Amino acid sequence: MRKAILPGIIIFATVAILARLFYLQIIDDEYKLKSDNNAIKIVYDYPERGYIYDRNGKLLVANQPSYDVMVVPREIKNLDTLKFCELLSITREEFDKKLKKAIVYSPRLPSVFLPQLNKKEYAAFQEKIRKFEGFYIQKRSLRDYQVNVGANVFGFITQVNPAMIEKNPYYKSGDLIGKQGVEEFYEEFLRGRKGVKYIQRDKFNREIGPYKEGIFDTISKQGDDVTLSLDIELQKYGELLMKNKRGGIVAIEPKTGEILALISAPSYDPALLVGRMRSKNYTALYNDSIAKPLYDRGLLAEYPPGSPFKILTALIGLQEEVIDPQTSFFCRRGFSYGNRFMKCHDSGPSQLNDGIYKSCNTYFANVYLKTIQKYPKPAYGVDAWSNHLKSFGLGNFMGYDLPPGRRGHIPTSKLYDKYYSAGGWKATTIISNSIGQGEVLMTPIQLCNVMCAVANQGYYYTPHVIKKIKNHTIDKKFTTKHITTIDKQYFPEVINGLFDVYNKGTASRLRVEGLEICGKTGTAENFTKIDGKRVQLTDHSIFVAFAPKDNPKIAIAVFVENGYWGARIAGPVTTLMIEKYLKGKITRTDLEKRMLEYSLESEYAKVLSGQPFSINR
Amino acid sequence: MKNQSVTSNLDWTTVLIYSTLVIMGWINIFSTSIPIEFTTFDFGGYYGKQMIFILLSIPLIIVILSIDAKIYEKFSFVFYILGILLLMGLFVFGKTVKGQTNWYGIGSFGFQPSEFMKTGVSLLLAKYLSDAQVFLKNTKFQLIGFAIIGFPVLLILLQPDAGSAMIFLSLILVLNREGLPEWYLWTGFIAVVLFFAALLIEPLYIIGAIILLMIFHYLRARRIDRNPIAYLVVFVASTLFILSVDFVFDNVLEPHQKDRINVLFSDNVDLKNEGYNLNQSMIAIGSGGLIGKGFMEGTQTKGGFVPEQHTDYIFTTVGEEWGFVGSTVVILLFVTLLFRIIYLAEQQKTKFSRVYGYCVATILFTHFFVNITMLIKLFPTIGVPLPFFSYGGSSLWSFTILLFVFLKLDANKVNEW
């Protein structure tokens, strides 16, 4: 027994030690992590973000250096807080707040203490940085905008938030990421790839060489430059024209689907969202719930398209062979159906051509009626009709390389079966669709895309804002033709009608010598809620066009909120934009002067005044 | 005529394990102490000096093995007294490092007499217990046995060096092997358990538990063993002991000793101060994984995060760079060595050799146990070196002497009758 005591103790101790080692070394991962945190310092080398150019090679967005003050809370030692705050011109309270935030993120990982010092602040601080243990400067590159337009297209750069870091481990606290617009959509190309260096440290935090001779290190890769399809001169001009108005302009090159201009008014200078004032400015823009400068009206605003929709009604009627160009309908200042009546400003007989240029409601109501009634049941008719519309990319996300925008809306028989119970409706019930006032909703970019398809006589490309990415090819979906369900043969007559809108129709006063523009006016009723009551506001002014008539180079959709009828504001703006793009200079200086000076601010103020007001004046 | 040659009677198994441990130790010391950019072999560095210590231990071994085995028994008292004098001399000539006066400084080398005293005490203890007259059931002999161990312990406690003192106290196990009544060991064991229990649990609960145990014992015991006075004595003694623990902890223990106990039991310690060493040591060992980070690839080792890594904390390098596999190999080597020594001790023909062998095994085991368990949060931090492994001439040579004296005695057993 006595002999066994020492061996017994030895065996017991050995088993205990081995079990403990097994737990520490194999089961518990915590120490591996702690060891890395201890001894390995990760240094990032941020590449410069790719530049952004316009279609003519003009530099739009470049970079400027910026300096973030980073902190590793655990490593702060003997800090002269007073002096530190003084140098960075922050208060003691701000200091405590920021430090606390950093500690909450992580006491041992670096996080941004104060972002985006400018050169002067950096110079002053950099001299003293050695004295502030635990703090260091991280150089990054910030955007330097060469133009003060196009904010909605570019998007902006922001610091990643914890949710983004969680989602994509590439990003670390303080990293910058593109948000909205091109910056977000082409983030992976523009940002490049940051380089990582693992450096081994000793217990005094001194760097003692590369970790594992640098086998895990990577070299940073410069961001790829991006060329946009925007014509920045056109974009500038459009934003200028839209001053003091609200609305959107979308201009697309029909042959390629390249977006030439995407204007949303009011807008803001993209430079506002750079530097230390970024978050303050962003908050101000975000909180402006009246003008909504961050709301991209070209992509997000869904409206009943109004008269421009008549183009589609006509095309579908021709395709369904319920009319031919010579089919004539008689207008008696309106269209009666059942015991109801749809007003029209026209009278007398109309064929396709003058139906379009006079924008005769009666003509299109009849076309629509015939289209739906061609089928044994109205449900079949509506579904055939909505399939034609969908082939123009309507009623769904278009898949362009900008924030997704809205679907718009194309009704199907299902919807009406729900509204009116199956069989409880017929063609006349939904007659407003014929003139774009029913359940159809479209965004300006969809409207513009329809004009592209018309200009191309039956096909379109998914609109996109990218033209070239250095070292890469652009997404195939932007070079894939989408064919509409309308045969090519039906387009010329409709195009002639659109051409005559300028010659003898609703836009005859907007003609430009030497330019063959095809267009269509539109006016859309709209409503808002004031104190919970539905109130009608002054109509939206809408205009769509493409030019030149043969070999079209630009298709455009313009809508101006509460601008009243189409030829009043949207028409002139469209005409000027086309002239600017095709001719490079403006001959209709009278129109230009009027449009530049035109302000709808009083119109917008009315709604907010709290006083009763009248509309459409 | 029996074979007189030492080399043919030497237990080469033990020598092989010894050499393996020493070489492994050197490899790990090399890893802890080379600069990042290793260019030339530097004899001024720890690994260089340790190399010299290792080489010098060869002539030392030859000398030990050459001396007549009888000398060690005959002059055991002289060795002991010499050790005591050296320990006393420390109070006059000793060098004080970190509050401890346990070194003689000779040039750049140091000499720690308490290390060599382990051999002295073992020899005298063996000599004393091998006396046929000495019978450990007898209180007088018990007291002399305790005194042989206790005298140097007292001197070492005055340095103060609680770690070394503890090593000497472990020799009570040897007394136990040679016939010391069992209750000494049990009392000691129970006292240690009660001490830590009292630090962790409310004293009232412990006293309650003791009463329950006594009732249980009373019900199970034979009538003749139901001695009310014994129960009373046990109860009063343990209660007083428990109640005194707080006082001892607060007033007798040094602040750093209190910290070391706190660090062991609490998760809420300052990892920058009192908790630093243990934390870094656990990180080094724990981050090693199954096969370790590789020789000279330990980030904790290279970064110098573990303090005193070449001496008391040398095993953290093993854990970090060689992982669980390497650690297991080292531990099994130690265990094999210990069992080999115990086996050889039991084979001895003289009681002197056997007792001495037990002393060697006990001392080596205690070092091994305390050193490794303190690194992995199984035992309070007590600064003792890992035998044969840790950097240091005094340490290496004293363990070499301790072990090879035994090997000499063992090799000589064929000459005994």
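Strand 18 (518-530) of chain A and strand 19 (533-547) of chain A form a hairpin with 2 residues between them, and A:D531 in the turn has a positive phi of about 50 degrees; strands here are DSSP runs of type E with at least two residues, helices are runs of H or I with at least four residues, and both are numbered from the N terminus. The structure is a predicted model, in which local features need pLDDT of at least 70 and side-chain atom pairs count only at pLDDT 80 or more, whereas totals for chains, interfaces and linings use all residues. Residues are numbered from 1 along each chain as its sequence is written, and chains are lettered from A and ligands numbered from 1 in the order in which they are written.

The two strands of this hairpin, strand 18 and strand 19 of chain A, run antiparallel and are joined by 12 bridges, where strands are taken to pair if DSSP finds at least two bridges between them. Within this pairing, A:N526 has A:L537 in strand 19 of chain A as its bridge partner. Strand 19 of chain A pairs in turn with strand 20 of chain A, again in the antiparallel sense, over 7 bridges, and A:F543 stands opposite A:V558 in strand 20. Strand 19 and strand 20 of chain A also form a hairpin, with 6 residues between the strands, in which A:N551 takes a positive phi near 55 degrees. Strand 20 (residues 554-560) of chain A is further joined by 6 bridges to strand 11 (residues 247-253) of chain A, which runs antiparallel to strand 20, with A:A251 opposite A:I556.

These pairings belong to an open sheet of 5 strands in chain A, with the order 12-11-20-19-18 and antiparallel pairing. Strand 12 (258-265) and strand 18 of chain A stand at the edges with a single partner strand each, so one side of each is left without a neighbour in the sheet. Neighbouring strands of the sheet are turned by 10 degrees against each other on average, direction ignored. Helix 18 (residues 444-455) of chain A lies across strands 11, 19 and 20 of chain A and runs at about 150 degrees to strand 20; axes are lines fitted to C-alpha atoms, for helices over the stretch in contact, and angles run from 0 to 180 degrees between N-to-C directions.

Elsewhere in chain A, A:V71 lies in strand 3 (residues 59-71) and counts as buried because it has 23 C-beta neighbours inside 10 Å, the cut-offs being 20 or more other C-beta atoms within 10 Å for buried, 12 or fewer for exposed, and partly exposed in between, with C-beta atoms placed from the backbone. A:V71 and A:F135 are 64 residues apart in sequence but 4.5 Å apart in space, C-alpha to C-alpha.

In chain B, which comes to 18 helices and 3 strands, 42% of the 417 residues count as buried. Helix 2 (residues 12-33) and helix 16 (residues 314-347) of chain B pack at an angle of about 160 degrees, with their axes 10 Å apart. The two helices, helix 2 and helix 16 of chain B, are therefore roughly antiparallel to each other, a class for angles over 145 degrees, with those under 35 roughly parallel, 65 to 115 roughly perpendicular and the rest oblique.

Definitions and conventions: Two residues are in contact if their C-beta atoms, placed from the backbone, lie within 7 Å.
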